[in-house]
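User: Could you walk me through this one? I'd like to go over the strands, the cores and the charged pairs.

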Amino acid sequence: MKALVFDRIGSPLEVLQLREVPVPEVGEGHVLVRMVSASINPGDFLFIQSLYPEPAKPVLPGQIAGNHGAGIVARVGRGVSLEPGTLVAFSHVDTWAEYVVVPSERLIPLPPDYPLEKAAQFFNLISAWDLLEESRVQPGQWLALTAGNSTVATMLLQLARARGVKVVSLVRRVQPRLDLKALGASEVLELSGGTQGVGQRLLELTGGQGVSGIIDCVGGPLLGELIRSSAFGGQVIVYGGYSAQKFELHNFDILMKGLRLGAYVYRYFFEPPKPEDLPMLRNIAALSAPASFKVPIAEAHSLEDFKSAIEESVLRPEAGKRFFKG
């Protein structure tokens, strides 16, 4: 089978190779999945650069790249109840390949007609759901969302709209092809002129109310500005760090606003889904399946086209999500 493999740590474009490797064997409690779509995410690049903590480290040489995706159950090992032909999503390793073996407990069964481009990004949908939950923002309150053009942000926007949460989407530049207000943003704040004065602009946009939640994957001076303009008792959730700069705060910036500052690492990073999670996962699938729930897609790539797929994902993420098709 074809797979994207790396033998050393480094930049994806420098270390990835398209290679023929054996189809993996299926052991007890495992499932052979024929990949139909595998998303390309910033976290995949972190894995290739060995920036994740244990046990999420590559095993070299010959590590297959990719950490999320969806496929069709092709064969099951002893002790597995899943039927061949089932559409599943999962977070594991080795997804940038034609086939992958996955522990059965890591698989999330999806409806057979669930859109494949959404199945490839099901774990982004879970992250969007979790981030909104952890923000604790109530209907009628304001939420600040950085990197507003990103996939997770656009998913979160639509979930927030369904709950009556007002969202300010902060973007580097407004993208003409992506109407964030149509997806649920109450306001869109462009940062092409820098972050100075963002806090004051937020207070004006929210009628002096301030934001009750901040969901941030940028960091740097922007996060400092957001925190200083937040409402009392707000939640600050950090889930990424696009900016190379640090942010500076005084203890009183947090203390005098009664803020809670926390981090979010996607739910199934270390552990597989729990049986009690199934109702939530079914709910996410039901909410996101309709065509009215938009997931911006740039292009589906073959494994052979990996250089273009990765380069475009790095340089132009605002163009939409890219994924490898089976």
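What follows is a short run of questions and answers on this model.

User: What should I know about the model before we start?

Analyst: Residues are numbered from 1 along each chain as its sequence is written, and side-chain values use heavy atoms, with hydrogens and water left out. This is a predicted model, where local features need pLDDT of at least 70, side-chain atom pairs count only at pLDDT 80 or more, and totals for chains, interfaces and linings use all residues.

User: How many residues of strand 3 are buried?

Analyst: Helices (H or I, at least four residues) and strands (E, at least two) are DSSP runs, numbered from the N terminus. Buried means under 20% relative accessible area, exposed over 50%, and partly exposed in between, with a 1.4 Å probe and protein chains only. Strand 3 covers residues 30-39 and is mostly covered, the buried count being 8 of its 10 residues.

User: In strand 5, which residue is the bridge partner of M35?

Analyst: Two strands count as paired if DSSP finds at least two bridges between them. Strand 3 runs antiparallel to strand 5 (residues 68-76), with 6 bridges, and antiparallel to strand 7 (residues 99-103), with 5 bridges. On the strand 7 side, R34 has Y99 as its bridge partner. On the strand 5 side, the partner of M35 is G71.

User: Which helix gives the most to the largest nonpolar core?

Analyst: A nonpolar core here is a set of buried Ala, Val, Leu, Ile, Met, Phe, Trp, Tyr and Cys residues joined through side-chain atoms within 4.5 Å. The largest has 74 residues, and those with the most contacts inside it include V33, W96 and F122. With 8 residues, the top contributor to this core is helix 4 (residues 122-135).

User: In the open sheet of 6 strands, what is the order?

Analyst: Pairing in this open sheet is parallel; strand 9 and strand 10, for instance, are joined by 4 bridges. The edge strands, each pairing on one side only, are strand 11 (187-190) and strand 14 (260-263). The order of the 6 strands is 11-10-9-12-13-14.

User: What angle does the direction of helix 8 make with that of strand 13?

Analyst: Axes are lines fitted to C-alpha atoms, for helices over the stretch in contact, and angles run from 0 to 180 degrees between N-to-C directions. Contact means heavy atoms within 4.5 Å. Helix 8 packs on the sheet and touches strand 9, strand 10, strand 12 and strand 13. Its direction relative to that of strand 13 is about 150°.

User: Is D130, the salt-bridge partner of R267, buried or exposed?

Analyst: A salt bridge is a side-chain nitrogen of Lys or Arg within 4 Å of a carboxyl oxygen of Asp or Glu. For R267 and D130, the closest N and O atoms are 2.6 Å apart. R267 sits in the loop between strand 14 and helix 10 (278-288) and D130 in helix 4, 137 residues apart. R267 is partly exposed at 33% relative accessible area, while D130, at 5%, is buried.

User: Which residues are linked in a network of salt bridges with E299?

Analyst: E299 forms a salt bridge with R322, the closest N and O atoms being 3.4 Å apart. E299 lies in strand 15 (residues 297-301) and R322 in strand 16, so the pair ties together parts 23 residues apart in sequence. R322 counts as buried, at 8% relative accessibility. The residues networked with E299 are E312, R316 and R322.
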